[in-house]
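Trainee: I would like a close look at one part of this model. Please take a single helix and follow it outward to its partners.

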Amino acid sequence: SLGLIPGYGGTQRLSHLVGKGKAMEMILTADMVNAEEAFRTGLVNHVVEPDRLMHKAEEIMKKIMTRSPFAAGCAIRAVNAAFTEGQNGYETEITEFSNCFDSDDFKEGVAAFLQKRKAEFTGR
């Protein structure tokens, strides 16, 4: 509506998030998107009331913190590779998946599962 297009990679990132057709519609119509539509199309992961925002963020953070820091780093690198020019996301995933098998966290995770207890990850 301003005679512009999204910049700074906005057209590219939006297309990756919501698909080409929806991105074209959103960009060409410049319509506002409500919270429900943002959730439905994958622009946001959760919709919460403003006063519950920090609680929801902390809830997600606490859950992530119970997982292996080593595996989390591997996952972040693999996902980011899919969106990085010159990197092959599949190859990065193969490498990072393999790296997990050599980690102390993997050994601890398997042992904890077999012993029916919570894992105590160290990030190694």
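Mentor: Start with helix H6 and its outward face. Tyr-90, Ile-94 and Phe-97 are exposed there, on the face turned away from the buried side of H6. Keep in mind that this is a predicted model.

Now the length. H6 has 13 residues, 89-101. At 1.5 Å a residue, H6 should span 18 Å. The C-alpha atoms at its ends lie 19 Å apart, so expectation and model agree.

Next, the buried side. Gly-89, Thr-92, Glu-96 and Cys-100 are the buried residues of H6. They cover an arc of only 75° around the axis, so they sit on the same side of H6. The general rule is simple: an α-helix has 3.6 residues a turn, so residues three or four places apart point the same way. What does the buried side meet? The buried residues of H6 pack against helix H5 (69-81) and helix H7 (104-114).

Look at the N-terminal end too. Asn-88 caps H6 there. A side-chain oxygen of Asn-88 lies 2.9 Å from the backbone nitrogen of Tyr-90.

Back to Glu-96. Its relative accessible area is 9%; the cut-off for buried is under 20%, so Glu-96 counts as buried. Arg-77 has 42% relative accessibility, so that residue is partly exposed. The side chains of Arg-77 and Glu-96 meet in a salt bridge, 2.9 Å from N to O. This pair links distant parts of the chain: Arg-77 is in helix H5, Glu-96 is in helix H6, and 19 residues separate them.

H7, the other packing partner, has a salt bridge to check as well. Glu-108 pairs with Arg-117, and the closest N and O atoms are 2.6 Å apart. Glu-108 has 17% relative accessibility and therefore counts as buried. Arg-117, at 33% relative accessible area, is partly exposed.

Elsewhere, salt bridges that share partners join Lys-22, Glu-25, Glu-37 and Arg-40 into one network. One pair in it is Lys-22 and Glu-25, whose side chains meet at 3.7 Å, N to O. Both lie in helix H2 (residues 20-29), three residues apart, about one turn of the helix. Glu-25 is partly exposed, at 42% relative accessible area.

For scale, a search of the whole structure finds six salt bridges. For H6, the one to remember is Arg-77 with Glu-96.

Key
Residues are numbered from 1 along each chain as its sequence is written. This is a predicted model: local features need pLDDT of at least 70, side-chain atom pairs count only at pLDDT 80 or more; totals for chains, interfaces and linings use all residues. Side-chain values use heavy atoms; hydrogens and water are left out. Helices (H or I, at least four residues) and strands (E, at least two) are DSSP runs, numbered from the N terminus. The expected span of a helix is 1.5 Å times one less than its number of residues. Buried means under 20% relative accessible area, exposed over 50%, partly exposed in between (1.4 Å probe, protein chains only). The arc is that of the directions from the helix axis to the C-beta atoms. Contact means heavy atoms within 4.5 Å. A polar contact is a pair of N or O atoms within 3.5 Å; within protein, one must be able to donate a hydrogen and the other to accept it, and residues adjacent in sequence count only if both atoms are side-chain atoms. A salt bridge is a side-chain nitrogen of Lys or Arg within 4 Å of a carboxyl oxygen of Asp or Glu.
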